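Please open the model in a viewer and keep the sequence panel at hand. The tour below proceeds by selection, and each stop states what is to be found there.

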Amino acid sequence: SRLAEGTPRRSIHLSNIVEQRVFKDDDIISTPKRGRPKKSVEDEDDDYTPKKSVQKTPTRSRRLSTATKPATTPSKGTTATSAAAPMTPSQKMKKIRAGELSPSMQQRTDRPVKDSSKSQLQLAREQLHVSVVPKSLPCREREFENIYAFLEGKIQDQCGGCMYVSGVPGTGKTATVTGVIRTLQRLSKQNELPAFEFLEINGMRLTEPRQAYVQIYKQLTGKTVSWEHAHSLLEKRFTTPAPRRVTTVLLVDELDILCNRRQDVVYNLLDWPTKSAAKLVVVTIANTMDLPERLLMGKVTSRLGLTRLTFQPYTHKQLQEIVTARLGGSEAFKGEAVQLVARKVAAVSGDARRALDICRRATEIADTASVKCVTLLHVQQALAEMIASAKVQAIKNCSRLEQIFLQAVAAEVTRTGVEETTFMGVYTQVETIAAFMGVTLPAPGRALRLCATLGAERLIISEHSRNDLFQKILLNVSADDIHYALRVGEVN
Amino acid sequence: MPEAVQEFAKARRFLKERLQRDYTTLRGYSEERSNVRQLLQRTAEMGESNSLLLIGPRGAGKTTLINAVLTDLLDNKAFVDNTLIVHLDGNLHTDDRLALKSITVQMRLENAADGKVFGSFAENLAFLLQCLKSGGKRAKSVVFLLEEFDLFCTHHNQTLLYNLFDVSQSAQAPICVLGVTCRLDVIELLEKRVKSRFSHRQVFLFPTSDQLEQYAALCQELLSLPSNSSLKSAAERVNSLQMLRSEALSFGRRHFDPAAYTFDSRFREGWNKQLAKMLASQPAQRTLQTLYDFDISEAFLKNFLFRLVAQLREESPHITAEQMSALAAQYEGDDKVELLCGLSVLELCLIIAVKHHSEIYDRDPFNFEIIFARFSKFAKVSTTMQGVERSIVLKAFEHLRIGELILPVSSGSGNASGKVQKEFEMHKMALTYGQIQQAVQRYQALPTEVAQWSQSSLI
């Protein structure tokens, strides 16, 4: 990975030294101090005195002497005339790493559409978007109470601890936890609760488990440092007692991604709460209920503790309640339409996202039909679209020889009784069927092409056509689907 | 008549260019097209976040549909000003690191300068997510086009897909994730949390030319010359594209430009009339039928027509049904038989020996010794093959192997085959008996002995 990082940098001569320092050296925090003394930075610096730099004094001083010039001059220049002189990319990068440049997106040229000009259906569609999380989640009151009691207790007691929350995707885990934390933050703002810090990481937003240290440290100070450095700084912070340390709540989403073979990251994240100096409360979220037993080491499971909570999939009643709560008093949906969505989704997965997406698609369908209210028919169409099975459709739309090829694979499976067929056997069947139907027989080379086409569509699973007559072919659709698709067409 | 010749050359160039470089004209699929168009429009105007998968067999016009929709929308100034388009391709962006760099460049984020991205992979991801998070409803919409979507599913942890879908399902900058793939079961490749975040909108594109008539009509449309007025309107459309050339539109650059062509009306009418007459004839219909039976996609037809147009000469300036059927016969032909006909008599003798062995032992594998013994038995009694040395036969055997007419049994690792001496390595035959028979019949000046031997293994 270092190699890949290195390539763009190497071409830029000026930045070379600076960036190396930021990445590798232990003393990045001391360098900016030279330019402009900042209190917060100094605190951090006093907190952390790297051992490495003491050992490597000569190298450090040498590096400093080479690096001070490029490192300090631009910072002086930018503070003085930040607007006038455009920054070089490496200066910009330095600012980004120091957290002094907030990332931004390009803005629209026109203003967004006003709410008052939107139709009822459009408003309903916006309300139904998954991103519009309601202030209080319906049907998750018990879980809310549970997590609230846990976190409030931990914050009041100033002790630290762990919790494991699990459940299948789309059952309101993250929304509930962040809802609890928002409530607690409001309380602490009103001084009804001791103040606490809130950090949040997501395993899937990291490129590798160790980047968790970088992200946590970044949320504490805003700086981006290497993971080794971030790790030692965090270790320092959590293991050494410091007066007036506030409680820290750390939310870890997608815990299973943070587990690697060594499990050092998960171990550290769950070990810090056991230290009395760190008032750290860790809430971990994952999908599988038995993750601690299945994947984690014994010592990690032990540290995770037994405070656990499982989010059950939504039942059809709950899904219905969720959708009607989103709609508010709007009349855009018929009652039975919502019920149909809820029942269909609850039977498959109990995923709230799925229900909301289907409802949104139904509003779109009603919109194109220029009706003001979503009825059962629209919902049925949306359901058919989104719980799609297009295999029969695909077989019907194959060319004639492709259809014959599929029939031949099915025939060969029935003949041999084994699921796996070879191309040679299938080709013999093609010969037979083609003779029977009066179609000209494709040469084996062309039949290989048919096979590759069907394999690309995944109607069959086939090997690379290099092994020619001996490649193995599996049927990826059921033989009944083939018969259904081809027979029903014949009758018409 | 040099004028007619000129006109003809122009027509040929026009047809070729239209077949190859017309990236934005889509035929049919009106419902799917309006579906995608409305989705993109809502993303741009309302700031809605969406995700969609476009699924269909290869050559069905998936990319053309997107290009066509984008061309429609690029006329709309509100769309152009408020959206960024990010193209990603699973074949080019083989891992998330490359994809992320490309996104950073195409979105012109602050850590990119002149197409060069600074920082590590982890930093890039964090920066992109921060950017998207910082933008709300006021930020520009971003349309992510992921071609060969199924290849993105093979990336480590599906980090990129998770994050894109996650942004589309949370209150951040409005984005639209548009995946394009030919795999019908692509949803099964998604991890469950990625699948949950995907909105399950799928648009299926199947070439709908259910009947041969539509196929023939398409063929006629692709070959006929349009009227000058329709050329002009098409040219206007393309010009509106070229206004946006500087944008990262991959298809805007070398697009087919109809403005360069105008046709003499007499010539055009003559051409179209001749064409319609030819296509209505029986042999042409039959040719189309065979093509249609094999592959119904437009891409395949275009390939065929390009070869047809390329064959046109000044001496015979019209496409004839004979040309069509001759070309189709080339498609029908068997390349392996051609290859067999190019072998020497000795190599063909070995193939026949292999065939006899396979027939007797029901396609059991063979090695050089077995085949050489069988061949020697024939050579001893034949008049032409008597003095052939073993080393020459071995060389011929190796030729067959390099031509992949026979394949080694232990496919895969080459180490295992290295241990066995090459005379004793087991092989299997990659030919059908029918192909060998055809080759023996078609072989030029085959000695009668060999032809007779091929009929029966008894000597």
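## Enclosed space

The tour of this predicted model begins with the largest cavity, whose volume is about 110 Å³. To find the cavity, select A:N397, A:E402, A:E457, B:P57 and B:P207, which are the closest to its centre among the 14 residues that line it. Colouring the lining of this cavity by class should give six nonpolar, four polar and four charged residues. How many cavities of 30 Å³ or more does the count come to? The count comes to ten.

## The largest pocket

Next, turn to the largest pocket, which holds about 1,000 Å³ of space. Select A:V133, A:T174, A:A175, B:Q169 and B:S170: of the 39 residues lining the pocket, these are the closest to its centre. Then show the elements that give two or more residues to this lining:

- in chain A, α10 (173–189), β2 (196–202), α17 (316–327) and α19 (352–368);
- in chain B, α8 (159–168) and α9 (192–197).

Which element gives the most to the lining of the largest pocket? It is α10(A), with five residues. By class, the lining of the largest pocket comprises 16 nonpolar, eleven polar and twelve charged residues.

## Chain A as a whole

Now display chain A alone as a cartoon. Chain A contains 25 helices and eight strands. It has 492 residues, of which 48% count as buried. Contacts between residues at least 6 apart in the sequence of chain A join residues at least 24 apart in 69% of cases. Switch to a surface representation with both chains loaded: chain A exposes about 24,000 Å², and carbon and sulfur atoms supply 53% of that area.

## Stops within chain A

Select residues 264–271 of chain A, which form helix α14. Why is this helix described as largely enclosed by the rest of the structure? The description holds because seven of its eight residues are buried. Those buried residues of α14(A) are A:D264, A:V265, A:V266, A:N268, A:L269, A:L270 and A:D271.

Move to strand β1 of chain A (residues 161–167) and pick out A:S166. Is A:S166 buried or exposed? Its relative accessible area is 1%, so A:S166 is buried, the threshold for that class being under 20%. Leaving aside residues up to four places away in sequence, A:S166 touches A:K173, A:A286, A:N287, A:T288, A:M289, A:L309, A:T310 and A:F311. Displaying these side chains shows the surroundings of A:S166.

The next selection is A:Q381, in helix α20 (residues 376–386) of chain A. With a relative accessible area of 40%, A:Q381 is partly exposed. Add A:I365 to the view and draw the C-alpha to C-alpha distance to A:Q381: the two residues are 16 apart in sequence and 8.0 Å apart in space.

## Stops within chain B

In chain B, select residues 48–208. An unreviewed UniProt entry annotates this span as "domain: AAA+ ATPase". The span is 40% helix and 21% strand, and its end C-alpha atoms lie 31 Å apart.

Two residues of chain B merit attention for their backbone angles. Most residues other than glycine have a negative phi. B:E148, however, has a phi near 55°, a positive value. B:E148 is found in the loop between β5 (141–147) and α7 (149–152) of chain B, and this residue is buried, with a relative accessible area of 18%.

For B:D362, too, phi is near 55°, a positive value in a residue other than glycine. B:D362 is located in the loop between α17 (345–360) and α18 (368–381) of chain B. Is B:D362 buried or exposed? B:D362 is exposed, since its relative accessible area is 63%.

The last stop is B:G434, in helix α21 (residues 433–442) of chain B. B:G434 is partly exposed, with a relative accessible area of 33%. Select B:V337 as well: the C-alpha atoms of B:G434 and B:V337 are 9.6 Å apart, although the residues are 97 apart in sequence.

Conventions. Residues are numbered from 1 along each chain as its sequence is written. Chains are lettered from A and ligands numbered from 1 in the order in which they are written. This is a predicted model: local features need pLDDT of at least 70, side-chain atom pairs count only at pLDDT 80 or more; totals for chains, interfaces and linings use all residues. Side-chain values use heavy atoms; hydrogens and water are left out. On a 1 Å grid over the protein atoms alone, a cavity is a set of points where a 1.4 Å probe fits but cannot get out, and a pocket is an open set with protein on both sides within 12 Å along at least five of seven lines; lining residues have an atom within 4 Å of a point. Grid points are joined across faces, edges and corners, and a volume is the space filled by probe spheres set on the points. Ala, Val, Leu, Ile, Met, Phe, Trp, Tyr, Cys and Pro count as nonpolar, Asp, Glu, Lys and Arg as charged, and the others, Gly among them, as polar. Helices (H or I, at least four residues) and strands (E, at least two) are DSSP runs, numbered from the N terminus. Buried means under 20% relative accessible area, exposed over 50%, partly exposed in between (1.4 Å probe, protein chains only). UniProt positions are given in the numbering used here, feature names are shortened, and annotations may be inferred rather than shown by experiment. Contact means heavy atoms within 4.5 Å. Accessible areas come from the Shrake-Rupley method with a 1.4 Å probe; for residues, only the protein chains shown count as cover.
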